[in-house]
Amino acid sequence: MTPSASQLLPLLKRYFGFTSFRPLQEEIIRDALAGKDVFALLPTGGGKSLCFQLPALAREGLTVVVSPLIALMKDQVDAMQASGVAATFLNSSLEPDEARKRLRGLHNGEFRLLYVAPERLMLSGFISDLQRWNINLIAVDEAHCISEWGHDFRPEYRQLAELRDHLPNVPLMALTATATERVREDIVKHLRLRESLTYVASFNRPNLTYRVLAKSKAYDQTLAFVRERPQESGIVYCQSRKSAEMVADRLSADGVKARAYHAGLDQKERARNQELFLRDEVRVICATIAFGMGINKSNVRFVIHYDLPKNIEGYYQETGRAGRDGLPSECVLLFSVGDVVKQMQFIDEKNEQEQKIAREQLQQMVHYAECAVCRRAELLRYFGEESAEEDCGGCDNCLSPRATFDGTLATQKFLSCVYRIREKSGFGVGMNHIVEVLTGADTDKIRRWGHEQLSTYGIGKEHTRPEWGAIGRELVRLGHLRQTTEKFSVLELTQDGRNVLTQRKSVTLTKPVAAPETKTHRAGEISCDEVLFERLREVRKRLADERQLPAYIIFSDVSLRQMARNYPSNEREFARISGVGEKKLREFGEIFLAEISAHLQGNPRQIFADEALVAQPAAKPHLNTTTRETLKLFQSGETVESIARQRGFAGSTIYGHLATAVEAGEKIELQQFLTPEEQKEIAAAFEKFGFGNLGGARQFLGNKYDYGLMRIYRAAVQRG
């Protein structure tokens, strides 16, 4: 007979200290106790471990937990034993005498929970032991490891299918925190789950803020971030063991208590470093992906990805180790195209099938890093869940939308180049070759294939190669191009791309997240806004060509760099630029001032101190045309609902427009939206969670108020 909720709750309180279950936990536990196969997908921090731990306490017998990592086993067994539960593990870390002692205890029925690695579980001698023990449930944790499409595929997990033959009457529970629909199907198929009941919780972690920063002097960025949070602990994920150790050593030298964690360290050192982190004696762990699976440290306040993750599943799971206690926490990804190249080199070492999967996953990761839409919505969509909000209030793209520009001409050039190359050669080429043709590069391939004769050769010199790469990747995201995942990945025009090309449709593109390449500072070098500098050089060349003069006669590079550093806005300021005399002021001042002004309309002003280049945050958000139209209608007396109908938008979008307007300094009275009682209710939620955790405050109020409405309240209060 399956225990009722009234019978389970005392166990929950006694052993775990909780008075109620999290979403789906009770249903999963009841089905497991009824002897049914269960598939449970609960995001990190969603309490999936409890789903097999509580059943182990609700009846006699042994629950076997298949776990992939020694660290995970030790952490969970320590937690269980601290709660008074008879739990143990068997793995290679144990001395022979200790392992034999634990086996005797298992034979004598002394334990309720056993954690074991898959390779040990499937040994013939161990299978015989399992058949003699009173096993009532086998829980396969981190079940995504069974799928080639999962982010951490492990061939030894495939052997677990044999459990059905050896223990046909024992129910199976498969658990994971990250799995797409394809991975879920793989898990059910390869574990041979029988009519399994599937439970999928929401992937949304409203207390996490997601940000992607252009990677530039990555260690300095990391150190500055950590120093700004002197009381908080976090994880820095690195691609390699070497970089994990380097970052940990440098942080320690700079006064931050940090340790490395990776598979290359001996077991004792890994265990010691993990223990120091769990006890808050070490503030930062710098780790490869070997760290974190099953770690229950609830007060991890930030996760930094120092390098680009291989796939979104891994990224999501690793970010999920922040804020397990539900309090506001931050997830920062440092992104550069150089990291994509490194990942591709690793992919080339795999077999053909693995390469195809890995390239597709990497493309999806890059898409996430460079996208301009809500990052939370992108993550949820990847896992098959639609976001209810267009503005989450908890990611960089929603909090500070990136500038857009008219990319019609750039799109036409790029798509034309793809078309002309295939037309001439009969085959497609990759992104790098397209960019080389557009920028007029002189390479062996271009000469061999005669691509310097194309009409598109060298027509894109107004953009740098990194800029063209970002444009090309955005055209893939927009569906105008398709990028294959074979070893020699090529770009192909889609039908949508052909329509854009032939019908000359307008295209809006987003300013890339990538920063200009950093260079070693040299004596005499003038740091400046490199994008503006290139624009000014183009103006100078046009003026020089018109006058049939060398470009330096108009202005020297020193003059242009000073302009691109100081951003003069009037003739008086322009006259202070080195090389600007009265004649040049009269002849060229208005032209260059107009170019500088036009640049600043779509780009943030930058400040320069010594060698550091830092983007100066805008004093207030820029109101685009659509936001101004909404504001105008609202100020004329229209309601949010009527504006939404007129403009064909959702009501939440209109609230978002008005919130942006308030944040920009526009005056809107709160009583137009909220009663005094509602204002008090929202104020109490923000007092509990802070203005930085809009999602947490909203969830605390039962999602009663629209995100945009809460943004309006927050902005109004902050601006007095």
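Here are legends for a few close-up views of this predicted model.

In this predicted model, local features need pLDDT of at least 70 and side-chain atom pairs count only at pLDDT 80 or more, while totals for chains, interfaces and linings use all residues. Residues are numbered from 1 along each chain as its sequence is written, and side-chain values use heavy atoms, with hydrogens and water left out.

**View 1. The two sides of helix α22 (residues 495-503).** Gly-497, Val-500 and Leu-501 are the buried residues here (buried is under 20% relative accessible area, exposed over 50%, with a 1.4 Å probe and protein chains only). Their arc around the axis is only 95°, so they sit on the same side of α22 (the arc is taken from the directions from the helix axis to the C-beta atoms). Turn to the face away from that buried side and you meet exposed Gln-495 and Thr-502. Helices are DSSP runs of H or I, at least four residues, and strands are runs of E, at least two, numbered from the N terminus.

**View 2. What α22 packs against, and how it ends.** The buried residues of α22 pack against α18 (408-425) and β16 (491-493). Just past the helix, Arg-504 has a positive phi of about 50°.

**View 3. Leu-121 in the largest nonpolar core.** This core has 108 residues, and Leu-121, Ile-138 and Met-173 have the most contacts inside it (a core is a set of buried Ala, Val, Leu, Ile, Met, Phe, Trp, Tyr and Cys residues joined through side-chain atoms within 4.5 Å). Beyond neighbours within four places in sequence, Leu-121 is in contact with residues including Val-64, Phe-126 and Leu-163 (contact means heavy atoms within 4.5 Å).
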